[in-house]
Amino acid sequence: MKIKADYSNEPHWKEVNIKSSLPKELACLDEIAHNMWFGWNHDARELFKSLDETLYEEVRHNPVLLLERLSYERKEAVVKDKDLMKKVKDVYKQFTTYMSVKPDAKRPSVAYFCMEFGLNQTLKIYSGGLGMLAGDYLKEASDSNVDLCAVGFLYRYGYFRQSLSMDGQQIAKYDAQNFNSLPIERVLDENGNQVVVDVPYNNYHVHALVWVANVGRIKLYLLDTDNEMNSEFDRPITHALYGGDWENRIKQEILLGIGGILTLKKLGIKKDIYHCNEGHAALCNLQRLCDYIEEGMTFNQAMELVRASSIYTVHTPVPAGHDYFDEELFGKYMGAYPAKLGISWEEFIGMGRTNPSDHSERFCMSTFACNTSQEINGVSRLHGWVSQKMFAPLWKGYFPEENAVGYVTNGVHFPTWTATEWRRVYDKYFDKNFLADQSNESIWHAIYNVSDDEIWETRMALKNKLIKYIRDKFTQQWLRNQGDPAKVVSILEKINPNALMIGFCRRFATYKRAHLLFTDLDRLEKIVNNPERPVLFFFSGKAHPADGAGQGLIKRIFDISRMPQFLGKIIFLEDYDMELARRLVSGVDIWMNTPTRPLEASGTSGEKAEMNGVVNLSVLDGWWVEGYREGAGWALPEKRTYQNQAHQDQLDAATIYSLLENDITPLYFNKTAGKTYSADWVKVVKNSIATIAPHYTMKRQLDDYYTKFYNKQAARSKQLHANDNKLAKEIALWKETVAERWDNIHVVNSNVEALDDVVTGKKTKLVYTIDEQGLQDAVGLELVLLHANPVEDISVHKVLPFELVKTEGNLHTFELNFEPATAGAYKCAVRMYPKNELLPHRQDFAYVKWLD
C-alpha cells in the first residue's frame, strides 16, 4: 500500500475568548469599558487615554480592546501610580453615582426599535443620520432617567469603511467586528448560557443570539444571526447594514420587528409604548397582534390595543427610504400570518397598501406602520407637513392638513457632540442646573457674558485641533492611496487655521446637492484664493455602494480638489465616521447644507455645529426652517423660484457665491482694531449659541415625545387594557357595527340648496336628517369649505360642524347656522364621519361619506 503524502480531516474550530486579566484594583475599569457612558463622559475618556496614550490611539479609543492589550507591566505600574489610581476611583464613583439613579416611574416606559444606532465609533452598527439620531436618543433617555429599552442588530461587518483610489473612486471595505473586543456583553439565561431567540420564517426558524450594549442606564438588545445554528443563507442576515438584495432585506425586517418583540418576551420585558423608528421595524406590530390574538382577543380587539400603544416615526420623504416588497416575496415569508390573525391573505397584504384591493401594488412597510400605529410623526415642522401630504392617500376622506400626522423636530445629545473646550466655557458661565434644563434659552443667554477674546480663543483652539487631527490621521493614508508625496505635503501645508473654514459633511445622496458649490469654478477660484480673505472647504461623506450617482459626486469633488487652483483649498476627508464628525462640527467656522427642497427631513449635523459656535449656512429646509435667526447664520430661501431643478441649482449656487463674497467673508475678516479677529463675527457666534442651540438638544426632543405622544398614548392604552380589555372590546364592537351599517346610513332630507344663496353678513341655515340605521348618535356632520385656488397646497378654508338638534327613532336631525365673513369663490360639501369621543383622532377610523 502506498502511503499518502498527507492525510488530515477538517478541523472543527471552536471560538475561544481568552480574556486579559486585570488586577483587582482595576476591575472597575472593565465595568466602565462595557458601558457606552464612557463615550459621553470626558473624564472617563481621559482616564482610558492616560493608561497608554499610544495604545489608546491604536485601538481607536476602544476601551475594551485597550484593557485587553494593555501589558501586565503597565497594569502593575498603574496600580502603583497614586495619582492615576485616584483618577480611577473618582471616575468610578462618578459612574456608580450616575448608574444608581432609578428610572422615573411617573413617565411611561418605552421599547424603541431601529435598524441602526450610532453610539460610538467603536461599535459599527450605524451608517448615517438615522443611527446618529437613535444613538443620541438612547443616551438622552439615560441622562433623563426614563424607563426605556431598545432593540437593534449586532452587525458582523456593519457599514463599510471608505477610502479613495488614486483617481478618486470610492472603495468600500467591510471589516469584520470581533464581538468579544467590543463594549457589549452577552445576555445570559439563568443557566449562564447566552440567550437565543427563535424567530419564525414561515416553515423554519432563524436563531438569533442576544447581546446587550449598556448605554448608561439604558439596555440596547442586539440580535446576531451569524452563528452555527443557522444555515449559510441566514447567517448573513446581520452581516451588513443596508446590504444584500430584497430577500435579505425582508429577512432583516422580520428579525427586527418580529424577532425584536420575541426577544423582549423571552426577557420578560413589557413596556407601555412601542416606538418604530422608521418603517424597518413595522413588523413588531404584527407580532404584538399575534400575541394578543393568542391570548383570546379577536383581530379587531387586538388592533385597538396595538394601535393605542404604537408610534411610528418617519424620517424621509425620499421614495428610496421606504421599503416595498413584491407580493410573491412577501408571501414566501409571511404566508402563515393571516391564519394566525384570523383574516384573509387579501386583508393582510392590504394593510401594507395605499389601495388595499390593488393587486399590482407592492406591500410597503411604511404603510403597514401607519395602519397599525395610533401616532405617526415626521422629524421637523416642515417634514411633518411633507409627511401629511405623503400619507394623505391612506385617509381619502380627509385633506393632508387635516390628518393626524404630527412632528417632533430632531435634536442632538449635548454631552456627546459638544467639544470639551466649549463644555468648559458653558460650565464656567452657565447656571449649575444647565444640563437638567437645556432647553431654557435664558440660561444660554449667559454666553453674552463671555468675553469676545474667550470665544475666539475657544474657536481657534478647535480649528487648530481639527487641523492637527487631519494631519495625524490622513498623512499616511493619503501617501499610501494617492501617490505623489509632494502633492500630499502641499495639501497639508496649505491648511491654514486663519482661513474661513467651511464644512460640507454628510451622506452623499444626490438630493444633498454636494455639487452645488462647483457650478461656477472660475467664481469659486476667486473666493478660495483671495489673499486677504482665504476660504477653505472640507468635504466628507459616504455614498451607498449601489448609488453610482452619489459616488460620481465624490469623484468630481476629488478631481476638482486636485486642480492646481484648488489644491489645499478644497479637501475631501474620507471615511466619515463619528470621530471625524465630532472634529468637523466643532472645528470649522461654517456648516453648509444645500439639500433639494423639501427633501431634508431634518438634518442634525448643523445642530451639532450650533453647540460648538459653528454658524450655519443652509437652505431653509428640515430643522433650519425653524432654527434660522437673522444675525445668527445665513439662509437660502425656502421657496423654489424655478420648477426646473437645473435652473434652481444655478440660482442657489449664485446665491451661495454672493453670500460668501458680499456678506460672510467681509464679516469674518473685518478685524476689530487691536484684535486678531472680527468682533462682528463673534457676535454672530454668540447669537447662534444663545438663540438657536437651546432649541435643538436631544433633551428637548425626548421631552417633546413625552409631551406630544407618549403620555397621552400610555394613558389611553391603560384605559383600553383595564378590566380585561373591556374598553378595547367595546370600541372594536362599535367600529364593527358602524362598518357593517355604514353603506346603509343615508340622507332622508336636506336643504342643501341653501348653499346656492350664501351672502356675507347673512346667516345661512343648513338642515340634514340622517337615518343612522339603529346607531345612536354615531355619526357627525360638517361643512367643508375649500379654497377655489389653494395656496401652498392648503386646500381647506374652514370646517364648520353641525349640531345634533333632534332624534326620533333612527332619524337624527343636524343643523348648521353660519354667517360667512369674507366673499369669494369656494368649493363646499357636507362630510359625514363616525363620531365617538373614545377615538384618539379621525384617522383612527377613517370612514367618510360625502353627502348630496
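## Exercises on a predicted model

In this predicted model, R60 lies in the loop between α3 (53-58) and α4 (63-69).

**Exercise 1.** Determine which sign phi has at R60 and at E278, and state whether each residue is buried or partly exposed.

*Solution.* Step one is the general expectation: most residues other than glycine have a negative phi. Step two is the backbone of R60, which is not a glycine and yet has a positive phi of about 55 degrees. Step three is its accessibility: R60 has a relative accessible area of 29%, and the partly exposed class covers values from 20% to 50%, so R60 is partly exposed. Step four turns to E278, found in the loop between β9 (273-277) and α9 (283-294). E278, likewise not a glycine, has a positive phi of about 90 degrees. The relative accessibility of E278 is 3%; because buried means under 20%, E278 counts as buried.

**Exercise 2.** Describe the surroundings of strand β2 (residues 148-153): which strands pair with it, and how many of its residues are buried?

*Solution.* Begin with β1 (residues 110-113), which is joined to β2 by 4 bridges and runs parallel to it. Within this pairing, V110 has L148 of β2 as its bridge partner. Next, consider the connection: β1, helix α7 (residues 129-143) and β2 make a right-handed β-α-β unit. Then take strand β8 (residues 218-224), which pairs with β2 in the parallel sense over 5 bridges; here the bridge partner of C149 is K219 in β8.

The side chains follow. In a regular strand they alternate between the two faces of the sheet. In β2, L148, A150 and G152 point one way, while C149, V151 and F153 point the other way. All of these residues are buried. With 6 of its 6 residues buried, β2 is therefore largely enclosed by the rest of the structure.

**Exercise 3.** Reconstruct the sheet that contains β15, giving the strand order, the edges and the helices that lie across it.

*Solution.* First, write down the order: 6 strands form an open sheet, arranged β17-β16-β15-β18-β19-β20, with parallel pairing. Second, identify the edges. β17 (570-572) and β20 (634-636) each have a single partner strand, so one side of each is left without a neighbour in the sheet. Third, consider the twist: neighbouring strands of this sheet are turned by 20 degrees against each other on average, direction ignored.

Fourth, examine the pairing at β20. Strand β19 (residues 615-619) is joined to β20 by 3 bridges, and the two run parallel. S618 has A635 in β20 as its bridge partner.

Fifth, add the helices. Helix α23 (residues 578-587) lies across β15 (500-505), β16 (535-540) and β18 (590-593), and runs at about 155 degrees to β16. Helix α27 (residues 679-691) lies across β15, β18, β19 and β20, and runs at about 75 degrees to β19.

**Exercise 4.** Characterise the packing of helices α21 and α26, and then the part taken by R523.

*Solution.* Two packed helices are described by the angle between their axes and the distance between the axes. For α21 (residues 521-528) and α26 (residues 645-668), the angle is about 20 degrees and the axes are 11 Å apart. Angles under 35 degrees count as roughly parallel, and α21 and α26 are therefore roughly parallel to each other. The crossing of α21 past α26 is left-handed.

At the residue level, R523, L524 and I527 of α21 meet A654, Y657, S658, L660 and E661 of α26. Now isolate R523, whose place is in α21. Leaving aside neighbours within four places in sequence, R523 is in contact with A654, Y657, S658 and E661. R523 and E661 are 138 residues apart along the chain, and their C-alpha atoms are separated by 9.7 Å. At 26% relative accessibility, R523 counts as partly exposed.

**Exercise 5.** Give the strand order, edges and twist of the sheet that contains β27.

*Solution.* The order is β24-β23-β27-β28, an open sheet of 4 strands with antiparallel pairing. β24 (794-801) and β28 (849-851) stand at the edges; each has a single partner strand, so one side of each lacks a neighbour in the sheet. The twist averages 35 degrees from one strand to the next. To close, inspect β27 (residues 826-834), which 3 bridges join to β28 in an antiparallel run. V830 stands opposite L851 in β28.

Technical notes
Residues numbered from 1 in each chain as written. Predicted model: local features only at pLDDT ≥ 70, side-chain atom pairs only at ≥ 80, totals over all residues. Heavy atoms only, no water. Pairing = 2+ DSSP bridges. Axes fitted to C-alpha atoms, helices over the stretch in contact; angles between N-to-C directions. Contact = heavy atoms within 4.5 Å. Buried < 20%, exposed > 50% of the residue type's maximum accessible area, 1.4 Å probe, protein only. Right-handed = clockwise from strand over helix to strand, strands pointing away. Parallel < 35°, antiparallel > 145°, perpendicular 65-115°, else oblique. Left-handed = near helix turned anticlockwise from the far one by under 90°.
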